[in-house]
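Hi,

Here is the structure I said I would pass on. Have a look at it first, and my notes follow below.

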Amino acid sequence: MTTLRVENLTVRFGGLAAVHDFSFETKENEILSIIGPNGAGKTTLFNAITGYIQPSEGNVSFGNRVLTDEAIHAISEIGVIRTFQKKSFFPHLTVVENVLLGEHMGIRPSLIDFIKPGNMKKKELSGLRRALELLEFVGLSEKKDMMAAELPYGEQRLLGICIALAANPKILLLDEPCAGSNPNECENMVGLIRKINADGVPIVLVEHHMRVVMGLSDRIIVLNSGEKMAEGTPAEITCNEDVICAYLGKSGENDARNG
Amino acid sequence: MNIFLQTIINGVIVGGTYALMAVGLTFVLGFMDLVNFAHGELYMLGAYFTYFFVVTIALPHIIGIPLAILVAMLLGLLIERFLLRPVWDKDILIRMLLTVGLMILIPNVITVMLTAVPKKVPPPFTMSPFILGNVRVAPIQLLIVLVSVFIIVLFHLFMQRTRLGKAMRATFQDKEVAMAMGIDTKKIYAYTFSIGCGMAAAGGAMLSMIYNVFPAMGAITTTKAFAVVILGGLGNFAGAILGALIVGVSESIAGTYISSGYKDAVAFILLVLILMVKPSGIMGKKGGIEK
Amino acid sequence: MRKKWTWIVPLTLLILMLPLLIESSYFMHITILAMIYIILATSLNLLSGYTGLLSLGHHAFYGIGAYTAALSVMRLGLPFLLALLLSGILPMILSYLVGKITFRLRSSFFAISTIAFAEITRLVSINWVELTEGPMGLPNIPAASIGPLVLNSYNKQYYLVLILAVSSIFLSYRIVNSHIGRVFKGIKDAEYVAISTGVNIDRYLMIAIMAGAFMAGIAGGFYGQYMKFISPDVFYFQMTVNMVVMVIAGGLGTIGGPVVGAIIFTLAPEVLRFSEGYSFILYGIALILIILFLPGGLWSLLKKVKNLFKNSVYPNNSEIEGSDNLK
């Protein structure tokens, strides 16, 4: 069984610890949410797990592979794939090109492909077929020839996930997939995440929308000022006094502001 | 030993003048992410403006040189308003190429107007060199270094103490936050570019008193000044000054002890060495690409 | 599909018969220079146009190529074709080292670091007199000979450089229209996303810079035997400025743009020559105007004109093109 294991992870910027002595382990095929107020260190945590930031201390591993010290692309190669809170796609390429880039590890030409003439075309074609399937899966097939930048916001979010799926994730880390979406788009996203999980991909989710988190998660970890504050099922978290006090009250304000 | 000491002192003097160029360049590069190839042209224009005010109209240096710097700053404002502002949101290459256009245009305008014949600006005074032991220092060189230091200190105080300086630093750190705070970032960019131009012109004005003034002098200086800036680090003023002194002294040493032919390569070789040994000192970790 | 060929055939014929149409050897010379610049602009476009990393030291590869070919023919007595191949390989090896050191940097910092490398090679070419004859340059470089065929006329030189230029365009077309080209565009567009899909960024940048250096080196190798003389002037920064101008004014990240840019900006200074000192001023002004008013480059203008013409004649053209794409 391959799980993502984070042990005593600490990330410091200058003297400040954005994430401090943080540990968790995913369970097979679960949806694990990490929540916390703005600036709690959620994105930093993702960046540290996927190699975008060098952690100051601690270890990250997936199955028996150690991710700490690996290059970002090597971590993707292992199957740990993420999306971004910001633009998680290529704005000046068409939608289908975006997904083909997501399939990079599957369709990149090897040296042999340059020598054997048919190979490259074969890879491209099977890649294209798969891209169309994936676009169908997330519901973007009709927009395949549009520039990604021209898509409405919610569909750009879907495209970001589609690119990540194209990379054949063994585990998927989603950074606020619903940020900035309207309730409709958000609902759509929740359905998609369920579908992906049902296909056997475990998911680690960072999200602000409490309804999304509570509806989707098997387990929730609450992060506050870079440290773990609570861990449990959605029911347990909603009853946790500390969490209600420190986070849920505030998040109501946050949601109001964001909305 | 005396030759060595003299070499070092010459290097520090040359480095002092590089520093003025480098601080202006790093300011524009770091704060605006603009590879400003026109920087050297403003340096050249600073020298020509000085020639105009001090020789043609025969104003005293103490008035003519500040006037030359002021005119260059006004020109900077015009360039920013009419040429750079329309392309601010464009690719970095496009912005840079615009300054390349200026780099081609300005010296040729000067050549057509004034010919390429070198001009000279007389120093404000003639004094025999100071002699300390066996080391000679020309008073005019000393004056130039002191004025350079004065301008850099003035600049530093401006950035730290004034409202405008603080607004500039805020814009540099996070443009969106600065805008939310009510800072007019367009204005900030205009002033930043203008001040950068002023510092380039100041360098040209200073050196016009010891070197020839000619249309191509800007282009020659620009690439080396760029190397000094990268050597020092991203938008790092102390780094730029240190880089300038290191390059000045190393060039002087290389010129005396190794070969005068390779003297001009010193800045670039140092840059390559720094990049190989300590790239993180310049750009930080690779994760920095995620903006 | 058939429509596309209607303009390709006459264009090919025109290019092949150009030496018959141009009588003046001076204009033949300009045409050959334009071809050299087509190779150079195309080669720079691979890295700077597609991946978005601006190299300002590209002329170093050209210069090293020029010296490599000339010296291997004159000193080592190698046959021309082998020397030409070497003039591509040596810069390619050097570009690998440049990449290793500079790919950690981005935007302005990358651009300036590449200048540093080029300046070092220029100063070496001036000062390593034993190898390069220093500032005096290398005179009497023998004209290219392939087997018994000696390229001793403008026409023969034209056909050689034509083959090189077409090969460069073809090579870069093949790269750009493969998955590799897609990765290039992805790196330029959103590097952090590209890397998250498992792209080894450095490897792809390396492909771009090495292919570019190879082509630029070959252009240099051709230039030396064509001019019969090279000097450290081949390392002047102005060469890269010219290339960058051609690429951007022509159209960044397109195959046709650098070609159009190279032709126009090689011819323009010659046409403007009547006005002596003013020609550079006009060059500078033209450049600034193109950037301000035509940021997509001349290529985008050509496309616009073409579409305008098409749409007025065939109102349903877009539909026809759409169905073409599906096949």
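Before anything else, keep in mind that this is a predicted model.

I began with how chain A is held together. Among its contacts with a separation of 6 or more, 67% are between residues 24 or more positions apart. Chain A has 11 helices and 10 strands. Its radius of gyration is 19 Å, close to the 18 Å that the globule rule gives for 259 residues, so chain A is as compact as a globular protein of that length. If you want a feel for the dimensions, the C-alpha atoms of chain A fill a box of roughly 65 × 40 × 35 Å along the principal axes.

As for inside and outside, 53% of the 259 residues in chain A count as buried. The accessible surface of this chain is about 11,700 Å², and carbon and sulfur atoms make up 52% of that. On the charge side, chain A carries 26 positive and 33 negative side chains, with the centres of the two sets 5 Å apart.

Now for chain B. Its mean pLDDT is 84, and 94% of its residues reach 70 or more. Watch out for residues 280-291 of chain B, though: pLDDT stays under 50 there, and the model has 22 contacts beyond four places in sequence for that stretch. Where pLDDT is low, the predicted coordinates should not be read in detail.

One residue to click on is B:Thr221, which sits in helix H9 (residues 217-232) of chain B. B:Thr221 counts as buried because its relative accessible area is 16%, under the 20% cut-off. Leaving out residues up to four places away in sequence, B:Thr221 touches B:Met21 and B:Tyr43.

Cheers

How values were computed
Residues are numbered from 1 along each chain as its sequence is written. Chains are lettered from A and ligands numbered from 1 in the order in which they are written. This is a predicted model: local features need pLDDT of at least 70, side-chain atom pairs count only at pLDDT 80 or more; totals for chains, interfaces and linings use all residues. Side-chain values use heavy atoms; hydrogens and water are left out. Helices (H or I, at least four residues) and strands (E, at least two) are DSSP runs, numbered from the N terminus. The radius of gyration is taken over C-alpha atoms; the globule rule is 2.2 Å times the number of residues to the power 0.38. Buried means under 20% relative accessible area, exposed over 50%, partly exposed in between (1.4 Å probe, protein chains only). Contact means heavy atoms within 4.5 Å. Accessible areas come from the Shrake-Rupley method with a 1.4 Å probe; for residues, only the protein chains shown count as cover. Lys and Arg count as positive and Asp and Glu as negative; His and the chain ends are not counted. The place of a charge is taken as NZ of Lys, CZ of Arg, CG of Asp or CD of Glu. pLDDT is the predictor's confidence in each residue, from 0 to 100.
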